[in-house]
Amino acid sequence: MTTSPLMGRRHFVQGLALGAGALGIGGLGMSPAKLLASQGQTGAATLSGNTFNLAIGGADVNITGTTRPATLVNGSLPAPTLRWREGDTVTLNVTNYLPETTSIHWHGLLLPFQMDGVPGLSFDGIAPGETFTYRFPIKQNGTYWYHSHSGFQEQSGVYGAIVIDPAHADPEPVDRDYVMVLSDWSDEKPEQIYATLKKLSHYYNFNERTIFDTLRDFREKGVAQTLKDRHMWNTMRMSQSDLADVTGYTYTYLLNGRSPNANWTGLFKPGERVKLRFVNASAMTFFDIRIPGLDMTVVAMDGQPVKPVRFHECRLGVAETIDVIVTPQSKQAFTVFAQSIDRSGFARGTLTPDPAMSAPVPEMDPPPLLGHTEMGMGGMAGMNHGDMKGMNHDGMSHGEMNPAEMKHKGMRHGGDNNVPFAFVANNPDLAPRNSAVQHLDSEYGPGVDMRAMAPAAMLDDPGIGLRERDWKVLTYADMETAGGPPDSLMPDREIVLHLTGNMSRYMWSFNGIKFADSVPLELHHGERARITLVNDTMMTHPIHLHGLWSDLELGDGRLLRKHTITVKPGEKLSYLVRADAKGRWAYHCHLLYHMEAGMFREVRVVDNAAAKEARS
Amino acid sequence: MKQAHLITTAALLALSPFAQAVNKHEPAFSRVIVDEFEARDADEGTLAAWEAAAWYGGDLNKLYLSTEGERLMDNGGETEGFETRAAWSRAFAPFWDWQIGARRDWQPDDPSRDWASFGVQGVAPYLFESEATLFVGEEGLTNLRLEAEYEILFTQKLILVPAVEANVYGKEDEELGIGEGLTDIEAGLRLRYEIRREFAPYIGVNWERQFGDTAAKTRGAGDDVSETTLVAGVRLWF
């Protein structure tokens, strides 16, 4: 890049000045020039204090060389980073300059449900021309984010980071602190992307199997084995390369709003401790993040401090955040490389002691293929990390496992303490069940194209495409909330939900039931519920429960406190939820188009007595 | 039960001070696909042939409209015959839909035929796009039609599509010269290049042959019962 960082930015978000004028940001106490100047390192302004004026409006941006309409907050992509302080009460005046309803959801924040920003659940939404005032006390600290919960506005730009400083001194002081917002931008309108997926679900997959792949397999695996493998996939009518519904074919992956060519750059002095707060604010993209030449140490996930773990690469699910610390010692530049799970593109930035220096950008890996593990055949069950290396997944076939063995493998990991399954007569999600892996009748219908036969505990599995790494890949099993379990390990009830879908029809659901056909899940105020998720699809789903913590059960009495939990294909996992905030909360897959298609539930936290009475 | 419902509603209203319910409305989508729009070098001259469909609806219920036919382009042009169909399509299994509807055959020189249709369409194991439809016409006419299509990828954009269609009649249609039993099989092999997913020119070969009494009647009229043509056309959808 020969242009100066400022020129590059100006060129890049062309809508900035225009949009700012149109949105009347001047009237909100910020001149466009100030906005531009305060973009700083992140590509978004940082706003701090107790009171914020946010204007959501249309603006033009030019990411790819073509000027396209976006929906932005205060005219910037990403939206301004909001810097709050734990213990404060914040007031946010959000004005809607769009011709349609909008909203802001504060992702991962504990707040009264009326402030949660989900139209239809928390409030009516913000009508065009209206200002809605959010006001709530800040009871936590860490890295979070915010985004629109209306239509597809999140895809077209309404997302930004929240950094909450601790009430008392930071236990992990650093020399520099960067927000790293990862996202996926498309020149297509999101409505168009969704309609396209409904018409031809593999539209964006340009990694489909060709006849030459089969010929290569004949040579490498032999004809018999190839036909055996093909038989399995062909009878299932599934694509082995379906890792992402929406890909680099239409997406440009952004770091702090900047494309790989625009190369976001952060400065450091050798020897400094640098905190990187990664936020996956994308609509549909899992990112595999690494910094060649630098190890990272995780200090927080989803805003919550964890016992530090050193690693080299991690997969960040949509809506998750991870705080890492790097300590580059030498006077050299490093590339922050975040490739999409399907290897169809990457976001990239540079950490450097000198703006003139940059580092090589690694090649993307070859796209991985789905295997037995992803089919829910328990391929990884009972295996540890090290054993996975070099294992030939294709060598196993379907017929070699007997049902008894599968049943065994599907049993609950960790301490089973005979927690009763929730049963509610008029809620099909909570029909009677004998085991968590059992598929309810509602899973047998046109909306569900497969069911995992032997879902397995996979918390220590780095996931598809990362199993054969020579370096340390961070997994949930490696982490633990700092200070030990933040709440009880003993649940009162267990709620089981299977993640289901039909890829070719582009239908997504829980237990085979779309949101439109669902009944709200009721949690009793104060209860400790265990939610067990079984992924019956071949996609990875980030599942987000609003308003309440999700304490992931790691076994051995360890918990990992999160707001969004990524569930891998074929995986079964459990987390504990303290229903300590009454109200109506959204619960959904955070892949935007999966949520829209029906992978969504309303969760109501109600008084136990009322719930009992209502059921009787 | 009713009382319980009232209590739940009351509890809900207490929780939510706003009126608007969560939007559970399922949006409808539509797709128009011109699967074949091509020229064929037939013995009697250049034929234009088409096969197109459109659907509108949600995940489970769709309205389908489709048409296919041929028109002679030389000597001033003459439509040889075409059919139009309308059907309500209902998903009943992960990969399968029922289709119930109607079909009309139009022929310039012959009486048209109306049929009720009962079909099943979907993706069979090994990813064969398949369709089986029973048409029930006037005066006891029946027509069973079986269709299958497969995609072989040479690259992500260069795709070879073998397709086959067979028709069986339960009863002779004397006026139209169609006999009882297997009447005809049509097989095609088309190689398309997807410039975009939505737009793909193709070339190929199409083979048609009549069988049994139908073939005998055609022979009796002095016409060929089999024809192989080269085709060139374009596939598009939106």
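Colleague: What makes β8 (residues 142-149) and β10 (residues 158-169) of chain B a pair of strands, and in which sense do they run?

Modeller: Two strands pair if DSSP finds at least two bridges between them. Strands β8 and β10 of chain B are joined by seven bridges in the antiparallel sense, so the criterion of at least two is met. Within this pairing, L146(B) stands opposite A166(B). Strands themselves are DSSP runs of E with at least two residues, helices are runs of H or I with at least four, and both are numbered from the N terminus.

The model is predicted: local features require pLDDT of at least 70, side-chain atom pairs count only at pLDDT 80 or more, and totals for chains, interfaces and linings use all residues. Residues are numbered from 1 along each chain as its sequence is written, while chains are lettered from A and ligands numbered from 1 in the order in which they are written.

Colleague: How do you know that β9 (residues 152-153) of chain B pairs with β10(B)?

Modeller: Two bridges join β9(B) to β10(B), and the strands run antiparallel. The definition asks for at least two bridges, so a count of two qualifies. L153(B) has I159(B) as its bridge partner in β10(B), and a hairpin of four residues connects β9(B) to β10(B).

Colleague: Which residue of β11(B) is the bridge partner of I159(B)?

Modeller: The partner of I159(B) in β11(B) is R192(B). Strand β11 of chain B covers residues 181-193 and is linked to β10(B) by 12 bridges, in an antiparallel arrangement. Chain B has two helices and 13 strands overall.

Colleague: Why is L127(B) called partly exposed?

Modeller: A residue is buried if 20 or more other C-beta atoms, placed from the backbone, lie within 10 Å of its own, exposed if 12 or fewer do, and partly exposed in between. L127(B) has 18 such atoms within 10 Å, and therefore counts as partly exposed. L127(B) lies in the loop between β6 (113-124) and β7 (128-137) of chain B. Buried residues make up 19% of the 238 residues in chain B.

Colleague: What is the phi of L127(B)?

Modeller: The phi of L127(B) is positive, about 65°, although L127(B) is not a glycine. Most residues other than glycine have a negative phi.

Colleague: What makes N263(A) partly exposed?

Modeller: N263(A) has 18 C-beta neighbours inside 10 Å, and so is classed as partly exposed. N263(A) is placed in the loop between β11 (251-255) and β12 (264-267) of chain A, with a positive phi of about 45°.
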